[in-house]
Each structure stands twice: as structure tokens, then as C-alpha cells.
Amino acid sequence: MGQKRPLFYLPGGTKVLIAIATGLAAMARLKAAHQQLKEVATALSTTPEEVVAAASDLLAKNKALKKQLKAATKALMAQQAAQVQQVNEVHIESAGDISVLAPLVLKGAGEETLLWAKLNGRLYFALISPAGQARTYLTKLQALGEVQGGSSPKVVTGNTTLPLERVAETIN
């Protein structure tokens, strides 16, 4: 390994040091880094000199696609909201989707409504109450067993291991 020698002194006596690595270990590190750069360039279908620009472009495209996915999910939730009755099974891709759908359903709901979906072995639900009783329903559910959830007096979302029938009984 190379030696450290003072390059120059800054005002106030601070030393600025420079280290130079030489030998086989340094060469092996440089070759490994160069190989990684070539692999990244190949993965990005670009040259090693353009890797940073290609990676930035890829990140920007990924961000735009995430926005498009979020907008499409919201549009799907709005479409499902328009077709809701009192107790409805909805199709969701993630647990958060039911939280997006519930306020949309509240806008058109005239009566107490239950939305539900099974995901990863759990029952995800949204209790919608135009009369402001959703938290009361949640309290009743929590007394029955393992229930997680919360939100506003008109919309409560959560999940549970309770069967659907027990959850549906709370709004009747």
C-alpha cells in the first residue's frame, strides 16, 4: 500500500493528506469495479460512460410509471365504488387499496356499507357509515376478537381474522 504524505497545509495548520494505493490489491479492486461498471452498462443497454445518465433516466421512468399505476388504481377504485351495495366483496392488490376505495364509496353511500376483501389470509374491511357510526361498529368488532383498524366516524378501515359473517353482523 502507498504512503500517506502531507500534500499541503491549510491556513490554521490543517494538514491535507493524500493516499495512493498501489500493487496487486489496488489493481484487483480497480478491475472488480470496472467489471461491475460493465455489467451495469450491459443491464442498462448503454456504454460505461453513459451509465449515470441511463440510470437517472430509468429512475425517472420508474417514478412516472408509479404515478400512472397510482392513477389507474384510483380509477379502478372509483369504478368499484360506483357499483357498491350494502355488503360487497372488492378486489384489491394491496391492503392500502381498501383505504383508497372507502372514501369514494362514502360519497355515494346512503346507508351503512361494508366493503371486504381477503388478502394473505386476512379479511380486510371498510365500514362506511353516512350517519357517523363507523367507530361504534369498530368498537363492537374489537370486542369480538383480533381486529386492527381505525379512522374517522364515517369511514373505518382495518383487518381481522374474524369470519366475514361476524363482521357483517356489526352493521345490521
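These are my notebook entries on a predicted model of one protein chain.

**Entry 1: overall make-up**

I began with the secondary structure and found five helices and seven strands in the protein chain. Read from the N terminus, the order of elements is β-β-α-α-β-α-β-β-α-β-β-α. I then looked up burial and noted that 28% of the 172 residues are buried. For the accessible surface I recorded about 11500 Å², with carbon and sulfur atoms holding 57% of that area. Among contacts with a separation of 6 or more, I found that 41% link residues 24 or more positions apart.

**Entry 2: the β4 and β5 hairpin**

I turned next to strands β4 (113-119) and β5 (122-128). They pair in the antiparallel sense, and I noted seven bridges between them. As one example of this pairing, I looked up Ala-117 and found Tyr-124 of β5 as its bridge partner. Two residues stand between the strands of the hairpin, and Asn-120 has a positive phi near 55°. How much of β4 is covered? I recorded six of its seven residues as buried, so I entered the strand as mostly covered.

**Entry 3: the nonpolar cores**

I looked up the largest nonpolar core and found 16 residues in it. Those with the most contacts inside this core are Leu-114, Phe-125, Leu-127, Leu-141, Val-147 and Val-167. At least two residues each come from β4, β5, α4 (134-144) and α5 (164-169). Which element gives the most to this core? I found that it is α4, with four residues.

From the core list I followed Leu-141 further. Setting aside residues up to four places away in sequence, I found that Leu-141 touches Phe-125, Leu-127, Val-147, Leu-162, Arg-166, Val-167 and Thr-170. I also noted a second, separate core of 15 residues, which includes Ile-98, Leu-101, Ala-102 and Leu-119.

**Entry 4: helix α3**

I then examined helix α3, which spans residues 97-108. Its buried residues are Asp-97, Ile-98, Leu-101, Ala-102 and Val-105. Why do I describe them as lining one face of the helix? Viewed down the axis of α3, the buried residues fall within an arc of 125°, and therefore they line one face.

**Entry 5: Asn-159**

I placed Asn-159 in strand β7 (residues 155-160). Is Asn-159 buried or exposed? Its relative accessible area is 12%, and I entered it as buried because the limit for that class is under 20%. Its side chain makes a polar contact of 2.7 Å with that of Arg-122. Beyond neighbours within four places in sequence, I listed contacts of Asn-159 with Arg-122, Leu-123, Tyr-124, Phe-125, Glu-146, Val-147 and Gln-148.

**Entry 6: Lys-70**

I located Lys-70 in helix α2 (residues 51-81). With a relative accessible area of 66%, Lys-70 is exposed, because the class begins over 50%. I also looked up its separation from Asp-97: the two residues are 27 apart in sequence, and their C-alpha atoms are 9.9 Å apart. Asp-97, by contrast, is among the buried residues of α3.

**Entry 7: Thr-46**

My last query concerned Thr-46, which sits in the loop between α1 (24-43) and α2. I found a polar contact of 3.0 Å between the side chains of Thr-46 and Glu-50. Not counting residues up to four places away in sequence, Thr-46 touches Ala-41, Val-51 and Ala-54.

How values were computed: Residues numbered from 1 in each chain as written. Predicted model: local features only at pLDDT ≥ 70, side-chain atom pairs only at ≥ 80, totals over all residues. Heavy atoms only, no water. Buried < 20%, exposed > 50% of the residue type's maximum accessible area, 1.4 Å probe, protein only. Contact = heavy atoms within 4.5 Å. Areas by Shrake-Rupley, 256 points an atom, 1.4 Å probe, with all protein chains shown as cover. Polar contact = N/O pair within 3.5 Å; in protein donor to acceptor, adjacent residues only side chain to side chain. Core = buried A, V, L, I, M, F, W, Y, C linked by side-chain atoms within 4.5 Å. Arc of directions from axis to C-beta. Pairing = 2+ DSSP bridges.
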